[in-house]
Amino acid sequence: MASFQNQAVLTYNGQTTTSNITTGEIVEVLSATKTALRDTYDAAGKVTYVYSMNNSGATAYNNLQWEDDLGAYALASGLDVVPLTYVEDSLQYYVNGVLQPVPQITATNPLQVSGISVPANGNAMLIYEADINTYAPLEVGSLITNTAVLSDTNRITPVSASETITIEETPVLSISKALSPTTVTENGQVTYTFTIQNTGNIEADEQANVVVSDLFNPVLNNIVVTYNTGTLPTTSYSYDEETGLFSTNNGVITVPAASFAQSDTGEWQITPGVTTISVTGTI
């Protein structure tokens with residue numbers, strides 16, 4: 001609720017006198033909330049936002065403007081970067097729960113929309129999606145706060161609403177497999193190398209129960225398994241020389257967290273944590 005004051009001035013015969021000061025209050029009837037359908041985010045993910053507007057007054061508001069900063073933040077250098085990218089054609093506009101034609105999008109960075117109406121004693125809603133881009137921080141404890149503001153040229157106090165989402169703290173693993181040599185004589189020796197990468201911000205530790213399994217065809221004999229720089233004991237894996245089925249035991253394999261660095265331009269680079277397993281045997 002905003003207050004205002006007024007005082008009149010009376011002049012006559014070269015004299016001046018003032019009135020008493022009157023004080024009034026403006027009851028703000030427009031309110032807004034902003035909600036993310038997920039309260040966490042991950043690299044290259046997507047977030048759906050809902051901006052809800054409510055009008056408790058007896059007069060409709062038309063042709064309002066709306067702007068979302070898409071989480072913009074300043075680097076130490078003073079450069080502003082934006083961690084969210086509006087997903088084209090994702091905007092939906094509802095009035096009193098009824099889907100309406102999409103209002104005019106005048107800019108996408110920041111996201112700006114014009115021609116919004118909120119009926120008397122009614123509500124309106126904007127729903128839209130944003131991609132997580134390379135300017136989004138990924139380290140443990142990181143967050144994105146974005147703010148949207150509803151306004152017009154002179155009739156209302158701008159109505160602001162913000163939402164904060166936090167980085168998901170989890171390992172994100174991928175695996176690749178290599179064979180050396182790719183051409184081998186009968187009864188020759190080959191090595192399968194498994195490279196596991198973690199682009200997540202926490203370690204895949206024993207509790208993650210990482211298991212590497214493979215069905216070697218042709219079957220390998222007399223296998224030796226290495227884990228990073230050391231030999232993996234036979235008690236840490238199982239191998240069936242009849243079927244060629246190999247599997248590490250639960251919790252034996254761990255993969256370190258990735259490391260993150262932000263460039264001078266604000267983009268985040270990911271250096272994955274890496275674990276390597278090799279299985280050598282004769283065909």
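Start by selecting Gln269, which counts as partly exposed because its relative accessibility is 39%, a value between the 20% limit for buried and the 50% limit for exposed. Keep in mind as you go that this is a predicted model.

**Stop 1: around Gln269**

Colour strand E25, residues 268–271, and you will find Gln269 within that strand. Now show the residues around Gln269. Leaving aside neighbours within four places in sequence, Gln269 is in contact with Ser259, Phe260, Ala261, Gln262 and Ser263. For a sense of distance, draw a line from the C-alpha atom of Gln269 to that of Ser174: the two are separated by 17 Å, while along the chain they are 95 residues apart.

**Stop 2: a five-stranded sheet**

Next, select strands E17, E18, E26, E20 and E21. Taken in that order, these five strands form an open sheet with antiparallel pairing. Which strands stand at the edges? They are E17 (173–180) and E21 (230–231); each has a single partner strand, so one side of each is left without a neighbour in the sheet.

Step inward from E17 to E18, and you can follow eight bridges between these two antiparallel strands. On this side, look for Ile175, which stands opposite Ile196 in E18.

Then move on to the pairing of E18 (residues 189–198) with E26 (residues 273–282), which is antiparallel and runs over 10 bridges. Ile196 appears again here, with Thr275 as its bridge partner in E26. Another pair to click on is Tyr192 and its bridge partner in E26, Val279.

**Stop 3: two nonpolar cores**

Now switch to side chains. In soluble globular proteins, nonpolar side chains tend to be buried together. The largest nonpolar core here has 41 residues, and the members that touch the most others are Tyr41, Tyr51, Trp66, Ile116 and Leu150. Which strand gives the most to this core? Select E14, residues 122–132: this strand contributes five residues.

Zoom in on Tyr41 and display its surroundings. Not counting residues up to four places away in sequence, Tyr41 touches a list of residues that includes Val47, Ile132, Pro137, Leu143, Ile165 and Glu168.

Finish at the second core, which is separate and has 20 residues, among them Val210, Tyr237, Ile253 and Val279. You have already met Val279 in the sheet, as the bridge partner of Tyr192.

Definitions and conventions:
Residues numbered from 1 in each chain as written. Predicted model: local features only at pLDDT ≥ 70, side-chain atom pairs only at ≥ 80, totals over all residues. Heavy atoms only, no water. Pairing = 2+ DSSP bridges. Helix = DSSP H or I, 4+ residues; strand = E, 2+ residues; numbered from the N terminus. Core = buried A, V, L, I, M, F, W, Y, C linked by side-chain atoms within 4.5 Å. Buried < 20%, exposed > 50% of the residue type's maximum accessible area, 1.4 Å probe, protein only. Contact = heavy atoms within 4.5 Å.
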